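Please open the structure in your viewer and keep the sequence panel beside it. The stops below each begin with something to select.

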Amino acid sequence: MKNYLIIGNSAAGISAAREIRRSDPAGRITVLSDEPSFGYSRVLLPLYLAGKLRRKEMLIAGKEFYSSLGIRLLRNDPAVNIDAKAARVRTRRGKGLAYDSLLVATGASPRKLGVPGEDLPRVHYLR
Ligand SMILES: Cc1cc2nc3c(=O)[nH]c(=O)nc-3n(C[C@H](O)[C@H](O)[C@H](O)COP(=O)(O)OP(=O)(O)OC[C@H]3O[C@@H](n4cnc5c(N)ncnc54)[C@H](O)[C@@H]3O)c2cc1C
């Protein structure tokens, strides 16, 4: 049985997990996320912040998605090290995750602009 590990639980990671399951019904799929929530849409973030959507309406992959496809989701625990020779990923909480195939789907994060005032209270970055 093949052991798949995906780092990142957003559009890319979730789509990959779904497609891997489609082509390999028996493989072991683990998705590792540094966020506490199930998979949600970044695209809908402005609507959520504006109070036009509830939290649960942002989900693109709720609890049922992972359980119905037999995908193990590890939340709130970022990958901190990849040892490609040993084929192992270490997480901040100290888990060691072995893999046969690894997908790094960690996306991007906002870049600070480097302008005066950017660190003032109430200045936030929207990804
Ligand atoms: C407000 C907004 C509106 C958008 N509108 C559109 C649109 O209309 N159309 C469109 O096509 N695209 C849109 N996008 C872009 C789209 O959301 C991104 O292209 C998409 O989310 C990228 O998906 P991704 O999975 O590659 O990366 P991301 O969504 O960035 O996800 C990466 C995930 O990896 C996690 N991660 C990072 N490091 C680690 C680690 N070390 N360990 C574990 N997990 C980690 C992150 O927390 C995150 O959950 C929009 C984005 C935003 C913010």
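The tour goes from the whole chain to its sheets, then to single residues, and ends at the ligand.

**The whole chain**

Begin with the full chain in cartoon view, bearing in mind that this is a predicted model. The secondary structure comes to 3 helices and 9 strands, and following the cartoon along the sequence you should meet them in the pattern β-α-β-β-α-β-α-β-β-β-β-β. If you turn the chain along its principal axes, its C-alpha atoms fill a box of roughly 50 × 35 × 20 Å. A colouring by accessibility would show that buried residues make up 34% of the 127 residues in the chain.

**The parallel sheet**

Next select β5, β2, β1 and β9, given here in their order across an open sheet of 4 strands whose pairing is parallel. The edges of this sheet are β5 (71-74) and β9 (101-104), each of which pairs on one side only. Looking across the sheet, you can follow a twist that averages 15 degrees from one strand to the next. Now narrow the selection to β2 (residues 28-32) together with β5, a pair that runs in the parallel sense over 4 bridges. Within this pair, Ile 29 stands opposite Ile 71 in β5.

**The antiparallel sheet**

Move on to residues 79-83 and 96-98, which are the strands β6 and β8; the sheet to which they belong is open, has 3 strands in the order β6-β7-β8, and is paired in the antiparallel sense. Both β6 and β8 are edge strands, each pairing on one side only. Here the twist averages 25 degrees from one strand to the next. Select β7 (residues 88-91) as well, and look for the 3 bridges that join β7 to β8 in an antiparallel run; Arg 88 stands opposite Ala 98 in β8.

**Two single residues**

Which strand holds Ile 82? Select this residue and you will find Ile 82 in strand β6, where it counts as partly exposed because its relative accessibility is 40%, a value that lies between the limits of 20% for buried and 50% for exposed. A distance drawn from the C-alpha of Ile 82 to that of Gly 13 should come to 17 Å, for two residues that are 69 apart in sequence.

Then go to helix α1 (residues 11-23) and pick out Glu 19, which has its place there. Glu 19 also counts as partly exposed, since its relative accessibility is 39%. From Glu 19 to Pro 36 the sequence separation is 17 residues, while the C-alpha atoms are 23 Å apart in space.

**The ligand and its surroundings**

Finally, centre the view on the ligand and display the 19 residues that surround it, the closest being Ser 10, Ala 12, Asp 34, Glu 35 and Arg 127. Coloured by class, this shell divides into 10 nonpolar, 5 polar and 4 charged residues.

Three polar contacts are worth displaying in turn. With Arg 42 selected, look for an N or O atom of its side chain that is 2.9 Å from an oxygen atom of the ligand. At Ala 79 the partner is a polar backbone atom, which is 3.0 Å from a nitrogen atom of the ligand. At Ala 108 a backbone N or O atom lies 3.5 Å from an oxygen atom of the ligand. With a surface drawn on the ligand, consider its cover as well: taken alone the ligand exposes 1,000 Å², and the protein buries 63% of that area.

Methods: Residues numbered from 1 in each chain as written. Predicted model: local features only at pLDDT ≥ 70, side-chain atom pairs only at ≥ 80, totals over all residues. Heavy atoms only, no water. Near = heavy atom within 4 Å. Polar contact = N/O pair within 3.5 Å; in protein donor to acceptor, adjacent residues only side chain to side chain. Areas by Shrake-Rupley, 256 points an atom, 1.4 Å probe, with all protein chains shown as cover. Nonpolar A, V, L, I, M, F, W, Y, C, P; charged D, E, K, R; others polar. Pairing = 2+ DSSP bridges. Helix = DSSP H or I, 4+ residues; strand = E, 2+ residues; numbered from the N terminus. Axes fitted to C-alpha atoms, helices over the stretch in contact; angles between N-to-C directions. Buried < 20%, exposed > 50% of the residue type's maximum accessible area, 1.4 Å probe, protein only.
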